[in-house]
Every structure is written in C-alpha cells, then in structure tokens.
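Subject: Structure handover

Hello,

Here is the structure I promised to pass on. Please open it first, then read my notes below.

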Amino acid sequence: MESRFGKYGGQYVPEIVMPALKETETAYNEAKDDREFQNEFKFYLKNYAGRPTLLYEAKKLTEHYGAGRIFLKREDLLHTGAHKINNALGQALLAKRMGKTRIVAETGAGQHGVASATVAALFGMDCIVFMGVEDMRRQALNVFRMELLGAKVQGVESGTGTLKDATSEAIRYWATNIEDTYYLIGSCVGPHPYPTMVRDFQSCIGREIRAQCIKDYGRLPTHVVACVGGGSNAIGTFYEFLEDKRVKMIGVEAGGKNSFENAKTLSGRGRPGVLHGAYSYLLQTPEGQVIEAYSVSAGLDYPGVGPEHSFFKDEKIAFYDSVSDEEALEAFKFLSKTEGIVPALESAHAIAYLEKLMPQTKESDMIVVCLSGRGDKDVSHVAEILKNSGR
Ligand SMILES: *Cc1c(COP(=O)(O)O)cnc(C)c1O
C-alpha cells in the first residue's frame, strides 16, 4: 500500500511505535480485501449506524439562492449524530479482527471520544480515552457520556491540557500496551496507514451520493462541498468523484475570527511540515513551532489537515476556501429556520459557503453539501454566543 500522497503522508513516528503501526498496516491490507470483513462492516453501517443516509433536496435553500439545486447528504441522521461513527465502526472491527481487547483514543471536544466509546461498548471492548483536563472542564457532558458508555476518561494535565497533549499520551499508552491495545484515530490524519484507512471507511458517503444522484436524478452532481477539520467527512465525500473531472470538490475550513485566529490550514497561512506522524500542511511559525488553531466549532479547531488533502490542494484536484465564525453562525440559524434542520457548527461552515458558491452556479447545476452532523451538541454554546453578542 502506498504510504504517501505525492510527497505528503508517511510515518514520522518514534521507533517504538513502528511495530504497532506495521501490525495495523498488515491487518488493514488483509481486511480490505476480505469479503467477510467488508460484509460485517456493511452490516453495522446499515443496521447499527443507519446507512444509507438520505440525500435530501433542500428546496427552500435552492429557492433562496435562485440558482443551482441544493442537496444535503444527511450524515446528521446517523446514530450518535455525525459521520464519525462510520470510521469508528470500521476501525473497531479491525481491532476485533486483530484480537485486540482495548481501544485507546484521544479526544478534544469529545465527539471522537464518544464515537470510540460507543463502538467499544458495542463490541465488548475496554476503552480508554485521553483528554486534556481543560477540555474535560469545557466538555463535561461528553465526559459523562463516555463514562456512561463504559469508557475510562483519562485526564491529561501536561502542556495546555488540550488535544495535542492528549494525543501524545494516547500514543505513549499505545506504544507500551501494543499486545492488547488498538489506537483509534478519529480523522484522516496521523501516520500511514491511518489517512488511507479512515478515507476508505468514510468513502461510503460519496459512494452513496453518486448512487443516489444517478438513481433519483439520472446524473452526477456538479459540485460537492464539505467542511474540513482533519478532513475525514470531506475526503469521504470527494473520494468517489476523483475520476470525474467535471465534479468540482470544495473543502471549507474554519476562518475563525480574523487572519490570526483561525484554522485555515490549506486556505490560509499553513505550510508543509510534520504533525502527528505525517507530512502535511499545518499552521506553524517560521521556526516550525505549531500554532494553535482557533474556531467557534471545536471539530474544525485543528492546526493540521489530512495529507491527502494537501496533495489535492497542490494538484488542484480539490479547491479549499474558508468561512468565518460569524458566517457559520448565520448559516447555523439560517438552515434551522429555512429547512428545519439544525446543523452541527462544523457542518454550518459548509452551508455558509453557499453564499459564495451559489451566485457562480446556474439552474442546471446540482450542488451536494455534506451535512456532517447534527447541531444538538452546539445549541447551548450558540445560545451563549448570541446572548453575549446581543443578537
Ligand atoms: C469531527 C467533526 C468534523 C470534523 O472532522 P473531519 O475529519 O474534518 O470530518 C466535522 N463535522 C462534525 C459534525 C464533526 O463531529
């Protein structure tokens, strides 16, 4: 299996992690071509997660812009409320196949921790989730949710008590418990084979979009749009359309507050470097120190991005842009009011991009936006922001 996408990707990890990585790579290579594994994965996607998800024509959105037809890929309708469950199920099944009895994961906002704890409960595995103490304080409800699902949430005090500190601890734990532990990464980031594996598990999104477009409308979309944090819902949406040069693929990053506080890894000031075991675009100082990302949406608040997206950017296979916090908040309210669908703040970034995109489209165009998750988790956060800003 190719470990790079052009010059991006690779395995920039300490020597001690290599055996575990090799074992995962070998297991995934075998599982990928094993009909039984794929059938089991499909079974859980359908009967547990709730696939296929709907491709919903948002007629009122379409009417509002008066240009191309807008469709929403409803990943928000999945069990646990977002696309993350697709990948968590795939990797947990791989862990089970490898004979592992414990899953280790790290989480920032808690969404990936919850998805990991969910699949661990489902398959009867132990689950330990590393989480910065500062994040635990901010996301107390998700901590309780993970515990409810039977996971152990391990607070990390070092550094700033946030995601990057939790990641270091999770990897350390994995490296010293290789025998029985599987490391479950939540996006298409990290060392090879994770970016490839996560992309494969998420590519059900684009495969369904293609099949649904052809079956119901007799054609392919002209544009597919998705938000980009690490990039897993976007790569899952794009991948199936790689050969179709006429389908425009657009990734939307978090533009945050201004040119300093944002998560514009590909569309802003990011430059290639090494983060979390892979060579990819990332936010860094001229000296190579990682700059903390910022976004109103916790799921997009990441200084790196999946290496395959870096390749897509350089090769102009996909196009990357951003929308600000404010634009995302407007889209959050607007989609709720016009279609009766409250999107995750992450997904609201993709919706907000329609403001820029739709004036460039024509009536015969067909635009599919990946609605990566539902917004219930964000409602109280948004209420507070709107109250403080007097809106
Ligand atoms: C985590 C998350 C994201 C960002 O992750 P990607 O890997 O970029 O997809 C986007 N949307 C939702 C709803 C999420 O929970």
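A residue counts as near a molecule if one of its heavy atoms lies within 4 Å of it. Please keep in mind that this is a predicted model.

**The ligand**

By that cut-off, 16 residues surround the ligand. The closest are Lys84, Ser187, Gly231, Ser232 and Ser372. What classes of residue make up this shell? There are 10 polar, 4 nonpolar and 2 charged residues.

Three polar contacts are worth a look. The side chain of Lys84 places an N or O atom 2.6 Å from an oxygen atom of the ligand. Ser187 has a polar side-chain atom 2.6 Å from a ligand oxygen atom. With Gly230 the backbone is involved: one of its N or O atoms is 3.2 Å from an oxygen atom of the ligand. How much of the ligand does the protein bury? Taken alone, the ligand exposes 380 Å², and the protein buries 97% of that.

**The nonpolar cores**

In soluble globular proteins, nonpolar side chains tend to be buried together. Here the largest nonpolar core has 58 residues. Leu89 and Leu94 have the most contacts inside it. Which element gives this core its largest share? Helix H4 (residues 84–97) does, with 7 residues.

Leu89 has contacts beyond its neighbours within four places in sequence. Among them are Phe41, Tyr44, Leu45 and Tyr48, as well as Val119, Leu122 and Phe123. A second core, separate from this one, has 36 residues. It includes Ala331, Leu345, Tyr353 and Met358.

**Three buried residues in helices**

Start with Thr24, in helix H1 (residues 18–32). Thr24 has a relative accessible area of 2%, so it counts as buried. Leaving aside neighbours within four places in sequence, Thr24 touches Leu94, Met98, Trp174, Tyr182, Pro193, Tyr194 and Met197.

Next is Asp135, in helix H6 (residues 133–138). Is Asp135 buried or exposed? Its relative accessibility is 6%, so Asp135 is buried. Beyond neighbours within four places in sequence, Asp135 is in contact with Thr107, Gly108, Gly161, Thr162 and Leu163. One of these contacts involves a backbone atom: the nitrogen of Leu163 is 3.3 Å from a polar atom of the Asp135 side chain. Asp135 and Thr101 are 34 residues apart in sequence. In space, their C-alpha atoms are 27 Å apart.

The third is His349, which sits in helix H14 (residues 345–352). His349 is buried because its relative accessible area is 0%. Leaving aside neighbours within four places in sequence, its contacts include Cys227, Val252, Glu253 and Ala254. Ser295, Val296, Ser297 and Leu300 are also among the contacts of His349, as are Val323, Ser324 and Ala328.

**Backbone points to check**

Most residues other than glycine have a negative phi, and most peptide bonds are trans. Here are some exceptions.

- Arg51 to Pro52 is a cis peptide bond, with omega near -5°. Pro52 is in the loop between helix H2 (35–49) and strand E3 (55–57).
- His192 and Pro193 are also joined by a cis peptide bond, with omega about 15°. Pro193 is in the loop between strand E8 (181–183) and helix H9 (194–202). Pro193 is one of the contacts of Thr24.
- Thr80 is not a glycine, and its phi is positive, near 70°. It is in the loop between strand E4 (69–74) and H4. Its relative accessibility is 26%, so Thr80 counts as partly exposed.
- His276 has a positive phi of about 45° and is not a glycine either. It lies in the loop between strand E11 (271–275) and strand E12 (278–282). With a relative accessible area of 24%, His276 is partly exposed.

**An exposed phenylalanine**

Where is Phe260? It is in the loop between strand E10 (248–256) and E11. Phe260 is exposed because its relative accessible area is 63%, and the cut-off for exposed is over 50%. Phe260 and Phe43 are 217 residues apart in sequence, and 45 Å apart in space from C-alpha to C-alpha.

Best wishes

Technical notes. Residues are numbered from 1 along each chain as its sequence is written. This is a predicted model: local features need pLDDT of at least 70, side-chain atom pairs count only at pLDDT 80 or more; totals for chains, interfaces and linings use all residues. Side-chain values use heavy atoms; hydrogens and water are left out. Helices (H or I, at least four residues) and strands (E, at least two) are DSSP runs, numbered from the N terminus. Buried means under 20% relative accessible area, exposed over 50%, partly exposed in between (1.4 Å probe, protein chains only). Contact means heavy atoms within 4.5 Å. A polar contact is a pair of N or O atoms within 3.5 Å; within protein, one must be able to donate a hydrogen and the other to accept it, and residues adjacent in sequence count only if both atoms are side-chain atoms. Accessible areas come from the Shrake-Rupley method with a 1.4 Å probe; for residues, only the protein chains shown count as cover. Ala, Val, Leu, Ile, Met, Phe, Trp, Tyr, Cys and Pro count as nonpolar, Asp, Glu, Lys and Arg as charged, and the others, Gly among them, as polar. A nonpolar core is a set of buried Ala, Val, Leu, Ile, Met, Phe, Trp, Tyr and Cys residues joined through side-chain atoms within 4.5 Å.
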